[in-house]
Amino acid sequence: CLTPHPGRLRRLDPPRRGEGGAFQRLIERIRADGPLPIDTYMDACLHDPEGGYYAARPNLGEHGDFITAPHVSQMFGELLGLWVVEVWTRLGGPNRLRLVELGPGDGTLMSDALRAARIAPAFAAAVELVLVETSAPLRARQAQALAGHAPRWLSRIENLDGDVPTVLLANEFLDCLPIRQAVRGRDGWRERRVGLDRAGGLAFVAGERVGGPDAPLGAVLECSPRLAEVGASIGALVARTGGAALAIDYGRAEPGLGDTLQAVRGHAKERPLANPGEADLTAHVDFPTFLAAAKNAGAQVEIVTQGAFLRRLGIEDRAAALARANPDEGERVDRQLDRLIGPDQMGTLFKVGTSTAPGLDPP
Ligand code: SAH
């Protein structure tokens, strides 16, 4: 991704200061090792065992820091559950199916999916549930939400072994994978790093010279080695086991430039260096890179917008049925539907990347 050359450090941004344990540890680490690449900073902010957002204080949902599609409406998880049942049917209804979720959060999506999947009792009997999750507090929430389904936990997708047909879901997981950035300066591209300003606060600094395309001064280039690794692991997994995977996230469908690193806390955006460990820190998913890696590893791949995907699965019919069953809730269901598929809401910004075993067409 970014090819390093030696270079001098240069300050780009005004001083910034955060608070808390993760902040102190970062400062000490930068004093000892020098400015950190952004992927190292993101990993520390999200997963530092003491101060990381997911490790220490994940707070999902309406009263927390951010809302995801399964919290918008039960329809989201239900339709994904029916998609999984349809894949299982196309596989010939095997008597073992491994159902994997990456980053299951509080378990809402999977619990809605498995409820909808009860329409196929043989499917329910076949499912072996595997949750890939690093956060201890979220594992505890998932254990509660999915108590009836005997889940097993792993920390990394690479730890999945065996050849049991596997179907995988990942919603707003890929956006947590760490990215690196480069900025086009007067003397070419330089990696952007997190260093210290004179006052001892965190600041973006210019690091080593790296290669990059022609672009205007100030342009930002992002890449994520870990995203490509996860794409390759998913592609190899579905190709090997004859399964399918859905990765849903906000991101781009075409390669492009731009700074998409974003921190969100209490439903508001803040500067990514402002409060390390206290905000969720994500970046737009580079779907072309992710899907190319999956394809290289042997999968068939496709990308559609979330709006188109959910409409094809019948979300409008599901919304009408919910409104009929709960007449007082009609307007609320309409608002939820619009939030999930409206082109000015999640419908276009969010994409669905499918990876399937050769010969298995995604429903
Ligand atoms: N899918 C859920 C939660 C999204 S938040 C939803 O849609 O609501 C991101 C989730 O990914 C959290 O569960 C977080 O703990 C997990 N996560 C983030 N980075 C991870 C990593 N590198 N490995 C495993 N899980 C991770």
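This report looks at the empty spaces inside a predicted model, then at its cysteines and one helix.

**Two cavities**

Rolling a probe the size of a water molecule over the atoms shows where empty space is left. Do that across the whole structure here, and two cavities of 30 Å³ or more turn up. Here's how they line up.

| Cavity | Volume | Nonpolar lining residues | Polar lining residues | Charged lining residues |
|---|---|---|---|---|
| Largest cavity | about 80 Å³ | seven | two | four |
| Second largest cavity | about 50 Å³ | eight | two | three |

Start with the largest cavity, at about 80 Å³. Its lining is made up of 13 residues, and the ones nearest the centre are Ile179, Ser224, Leu227, His284 and Asp286. Two elements give two or more residues each to that lining: strand S11, covering 220–223, and strand S16, covering 285–286. Sorted by class, the lining has seven nonpolar residues, plus four charged and two polar ones.

Now for the second largest cavity, which holds about 50 Å³ of space. It is lined by 13 residues, with Pro272, Asn275, Pro276, Ala279 and Leu281 closest to its centre. Helix H2 (38–47) chips in with at least two lining residues, and strand S15 (280–282) does too. The class split for this lining is eight nonpolar, three charged and two polar.

**Helix H2**

Helix H2 is worth a second look, as it helps to line the second largest cavity. How much of H2 is buried? Seven of its ten residues are, so the helix is mostly covered. If you want to find them in the structure, look for Ile38, Asp39, Tyr41, Met42, Ala44, Cys45 and Leu46.

**Cysteines without a bond**

One name on that buried list, Cys45, leads on to the next topic. How many disulfides does the model have? The count comes to zero. Why doesn't Cys45 have a bond? The closest cysteine sulfur belongs to Cys176 and sits 12 Å from the sulfur of Cys45, which is too far for a bond. A disulfide would need the two sulfur atoms within 2.5 Å. Seen from the other side, Cys176 has Cys45 as the owner of its closest cysteine sulfur, so that 12 Å gap rules out a bond there as well.

Are these two cysteines buried or exposed? Cys45 has 1% relative accessibility, so it counts as buried. Cys176, at 11% relative accessibility, counts as buried too. The cut-off for buried is under 20%.

Methods. Residues are numbered from 1 along each chain as its sequence is written. This is a predicted model: local features need pLDDT of at least 70, side-chain atom pairs count only at pLDDT 80 or more; totals for chains, interfaces and linings use all residues. Side-chain values use heavy atoms; hydrogens and water are left out. On a 1 Å grid over the protein atoms alone, a cavity is a set of points where a 1.4 Å probe fits but cannot get out, and a pocket is an open set with protein on both sides within 12 Å along at least five of seven lines; lining residues have an atom within 4 Å of a point. Grid points are joined across faces, edges and corners, and a volume is the space filled by probe spheres set on the points. Helices (H or I, at least four residues) and strands (E, at least two) are DSSP runs, numbered from the N terminus. Ala, Val, Leu, Ile, Met, Phe, Trp, Tyr, Cys and Pro count as nonpolar, Asp, Glu, Lys and Arg as charged, and the others, Gly among them, as polar. Buried means under 20% relative accessible area, exposed over 50%, partly exposed in between (1.4 Å probe, protein chains only).
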